[in-house]
Amino acid sequence: MKPIRIALTKGRLEKDTVALLEKAGYDCTAVRNKGRRLILPVGDGSFEVVLAKAADVITYVEYGVCDIGVVGKDTIMESGGSFYEVLDFGFGKCRFALAGPKDRDFYSGYTVKTIASKYPAVTRAFFESKAMDIRVIKIEGSVELAPLLGLSDAIVDIVETGSTLRENGLQVIETVAEISARMIVNPASLKLRKAEIEAFADKLEAAKEEME
């Protein structure tokens with residue numbers, strides 16, 4: 001039987017996930033010594049890891065070329081998709097926040113506000129829940145620049161410590177959502193290999209509890 005394939009978000013989530021896999025008893029030597037390889041065996045070869053960008057992790061799981069994915073809740077909220085979210089790993093913690101200039105009351109006035117964000121879907125959903133009309137401008141780089149240049153009234157972005165905001169004269173107005181790394185599973189994979197995937201999830205959950 002072919003290995004169960006796990007799509008891992010490269011970078012910090014990759015490191016934290018590998019540590020969790022090792023805690024759960026899986027040999028991740030190949031992943032640690034990956035060189036330029038992108039598909040790597042884990043443990044006795046019954047699993048393999050695919051290293052990918054966050055948005056691609058969701059694509060691979062949705063299309064069934066990977067059975068399992070580890071990705072941030074931010075990417076899940078922005079991309080959506082047809083998969084099961086089965087575990088909150090609790091690492092990679094940060095939050096989506098609405099932030100704007102310190103000296104301004106964002107919610108005052110009746111004009112339609114302009115919000116800059118790398119995450120237009122998350123931004124729209126947040127303001128729809130408040131029944132507020134807004135205009136969203138998608139920014140790829142430093143979102144903090146938008147209100148400083150007068151392009152937007154506020155931003156929706158990922159905030160860890162808030163120091164970048166403070167240095168640029170911005171402050172958090174409101175938390176939009178808490179974020180951490182999640183395990184997602186392809187629905188067909190869960191049907192076909194239910195026992196294996198559930199056993200794997202249980203092992204990781206137990207390892208996570210030990211590490212806390």
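**Exercise 1. Find the bridge partner of Gly69 in β11, and place that pair in the sheet.**

Solution. In this predicted model, Gly69 has Ile184 as its bridge partner in β11.

Step 1. The pair belongs to the contact between β4 and β11, which are antiparallel and joined by 5 bridges.

Step 2. On another side of the pairing scheme, β1 and β4 are parallel, with 3 bridges between them. Within that pairing, Ile6 is opposite Ile68 of β4.

Step 3. Both pairings fit the strand order β2-β3-β1-β4-β11-β5 of an open sheet of 6 strands, whose pairing is mixed.

**Exercise 2. State which strands stand at the edges of this sheet, and why one side of each lacks a neighbour.**

Solution. Step 1. Read the two ends of the order β2-β3-β1-β4-β11-β5.

Step 2. The edge strands are β2 (39-42) and β5 (84-88); each has a single partner strand, so one side of each has no neighbour in the sheet.

Step 3. On average, neighbouring strands of the sheet are turned by 30° against each other, direction ignored.

Step 4. For β5, the partner is β11 (residues 181-185), and the two run antiparallel with 4 bridges. One pair to locate is Asp88 with Arg182, its bridge partner in β11.

**Exercise 3. Decide whether the residues of β4 are buried or exposed, and sort them by the way they point.**

Solution. Step 1. The strand is mostly covered, with 5 of its 5 residues buried.

Step 2. Ile68, Val70 and Gly72 point one way, while Gly69 and Val71 point the other way; all are buried.

Step 3. The general rule is that side chains in a regular strand alternate between the two faces of the sheet.

Step 4. Look for a helix lying across β4: helix α3 (residues 54-62) lies across β1 (4-9), β3 (47-52), β4 (68-72) and β11. Its direction is at about 150° to β4.

**Exercise 4. Describe the surroundings of Gly72 in β4.**

Solution. Step 1. Gly72 has a relative accessible area of 7%. The cut-off for buried is under 20%, so a residue below that value counts as buried; Gly72 is therefore buried.

Step 2. Leaving aside residues up to four places away in sequence, Gly72 touches Leu13, Ser180 and Ala181.

Step 3. For a distance check, take Leu21, which is 51 residues from Gly72 along the chain: the C-alpha atoms of the two are separated by 17 Å.

Conventions. Residues numbered from 1 in each chain as written. Predicted model: local features only at pLDDT ≥ 70, side-chain atom pairs only at ≥ 80, totals over all residues. Heavy atoms only, no water. Pairing = 2+ DSSP bridges. Axes fitted to C-alpha atoms, helices over the stretch in contact; angles between N-to-C directions. Contact = heavy atoms within 4.5 Å. Buried < 20%, exposed > 50% of the residue type's maximum accessible area, 1.4 Å probe, protein only.
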